[in-house]
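The following exercises ask the student to read a protein model step by step. Each task is followed by a worked solution.

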Amino acid sequence: MEADSFRLLNGVKAMMDSGDEYSVSGSVTNRCYIACINGELSSAQMGQLYDEIVRMAEKRELRGVIMDLNGLAVLDSAAFCVLRKISGALALMGLKSAWMGIKPAIASSLVDFGADVDDLCICQNIEDGVRLMSFQK
Amino acid sequence: MAKYCKNNRVLEASAKLLESSTFELNEENDQATAVFMTREIAKNAGFNLADEVMVATAVSELATNILRYASCGRIRVIVIQNGDGRTGIEIGAEDKGKGIRDLKLAMQDNYSTAESLGLGLPSVERIMDEFEIESEIGQGTRIRARRWL
Ligand SMILES: Nc1ncnc2c1ncn2[C@@H]1O[C@H](COP(=O)(O)OP(=O)(O)O)[C@@H](O)[C@H]1O
Ligand SMILES: [Mg+2]
């Protein structure tokens, strides 16, 4: 590997070790849990995300979960699959879920891998999402 | 060794190598590094944000497959230039895993031996302008794909 790439790579490693590259943080508004999903997610981290969100949904008296994908760097088919699984599990628990903040670049890769998005609830902002959930339940 | 090429066209041998980075894939974190670095490399090569994300998505798919089906391997991301001076990114993914029995099937939408979406390889073919995959049972799998600026 060239020296430059190698330096850069070490920089990335340092950043990852400090935990900057991945985080899911959340807050609750109007009985909706808003989960912010950031960075490049590996499959293991996606599994963690699933556990975290589903556990969260169980704990509180929630109406639904809004998954904020605005900070997501890349969404491949494995990550998409996990997000779908989260929405499916939430539905079985009687909770609504909405995907928020899909950036144009992510949208075009979703289109490119031919993901089936017809039955997903997509919202543009938190108000929009909260409103959708209040009406639907 | 079985081979499949997008539009039945093999990759031209004449592309000039400008810069090359190799990412070894042994565990989950290696995938995130490869994806992050690919974005940097694509950005520096002049790709716009949407294209940068697409190329990184292709790397993510190939890395997922290597870790899932071959357990380890490597991905090389190369900045290249063709005879007309056009810049591109070439992704090379290789592993010494179990190989793919039927390439035609594996390249079809929704075909998966892992009961997952089966959209990885076909999406990489769609994202990239040029794409070829070679595989042999018990020997491994090699993919090379290019996207031009
Ligand atoms: N590197 C690899 N080594 C062995 N088999 C592979 C590899 N990559 C893909 N495959 C096979 O090709 C199939 C299709 O791959 P893909 O389109 O990525 O879908 P998915 O990973 O969702 O199954 C996989 O189910 C697997 O059987
Ligand atoms: Mg795959």
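**Exercise 1. A residue in a loop**

Locate D102(B) and classify its exposure.

Solution. The model is a predicted one. Step 1: D102(B) lies in the loop of chain B that runs between strand 4 and helix 3 (103-106). Step 2: the relative accessible area of D102(B) is 35%. Step 3: a residue is buried under 20% and exposed over 50%, with partly exposed in between. D102(B) is therefore partly exposed. Step 4: D102(B) and T87(B) are 15 residues apart along the chain, and their C-alpha atoms are separated by 33 Å.

**Exercise 2. Positive phi angles**

Describe the backbone, place and exposure of N8(B) and of N110(B).

Solution. Step 1: N8(B) is a residue other than glycine, and its phi is positive, near 60°. Step 2: this residue, N8(B), has its place in the loop between strand 1 and strand 2 of chain B. Step 3: with a relative accessible area of 74%, N8(B) is exposed. Step 4: N110(B) is not a glycine either, yet its phi is positive at about 70°. Step 5: the loop between helix 3 and helix 4 of chain B holds N110(B). Step 6: N110(B) has a relative accessibility of 56% and counts as exposed.

**Exercise 3. The fold of chain B**

Establish which elements chain B contains and in what pattern they follow one another.

Solution. Step 1: the secondary structure of chain B consists of four helices and six strands. Step 2: along the sequence they give the pattern β-β-α-α-β-β-α-α-β-β. Step 3: the radius of gyration of chain B is 14 Å, close to the 15 Å that the globule rule gives for 149 residues, so chain B is as compact as a globular protein of that length. Step 4: the C-alpha trace of chain B spans about 40 × 35 × 25 Å along its principal axes. Step 5: 56% of the 149 residues of chain B count as buried. Step 6: consider the contacts in chain B between residues at least 6 apart in sequence; 66% of these join residues at least 24 apart.

**Exercise 4. The sheet of chain B and its helices**

Determine the strand order of the sheet in chain B and the helices that pack on the sheet.

Solution. Step 1: the sheet is open, and its six strands stand in the order 1-5-6-4-3-2 with antiparallel pairing. Step 2: strand 1 (2-5) and strand 2 (16-25) of chain B are the edge strands, each pairing on one side only. Step 3: on average, neighbouring strands of this sheet are turned by 10° against each other, direction ignored. Step 4: helix 1 (residues 28-44) of chain B packs on the sheet and touches strand 2, strand 3 (73-81) and strand 4 of chain B. The direction of helix 1 makes about 160° with that of strand 2 of chain B. Step 5: helix 4 (residues 120-127) of chain B also packs on the sheet, where it touches strand 1, strand 5 (130-136) and strand 6 of chain B. Its direction makes about 145° with that of strand 5 of chain B. Step 6: within the sheet, strand 4 (residues 87-95) and strand 6 (residues 140-148) of chain B run antiparallel and are joined by eight bridges. In this pair, A93(B) stands opposite I143(B) of strand 6.

**Exercise 5. The two sides of a helix**

Explain why the buried residues of helix 4 of chain A are said to line one face of the helix.

Solution. Step 1: helix 4 (residues 104-112) of chain A has the buried residues A105(A), I106(A), S109(A), L110(A) and D112(A). Step 2: seen down the axis of helix 4 of chain A, these buried residues fall within an arc of 160°, so they line one face. Step 3: an α-helix has 3.6 residues a turn, so residues three or four places apart point the same way. Step 4: the exposed residues P104(A) and V111(A) are carried by the face of helix 4 of chain A turned away from its buried side. Step 5: the cover over the buried residues includes strand 3 (64-72) and helix 3 (77-92) of chain A, together with helix 2 (49-70) and helix 4 of chain B.

Technical notes: Residues numbered from 1 in each chain as written. Chains lettered and ligands numbered in written order. Predicted model: local features only at pLDDT ≥ 70, side-chain atom pairs only at ≥ 80, totals over all residues. Heavy atoms only, no water. Pairing = 2+ DSSP bridges. Axes fitted to C-alpha atoms, helices over the stretch in contact; angles between N-to-C directions. Contact = heavy atoms within 4.5 Å. Rg over C-alpha atoms; globule rule 2.2 N^0.38 Å. Buried < 20%, exposed > 50% of the residue type's maximum accessible area, 1.4 Å probe, protein only. Arc of directions from axis to C-beta.
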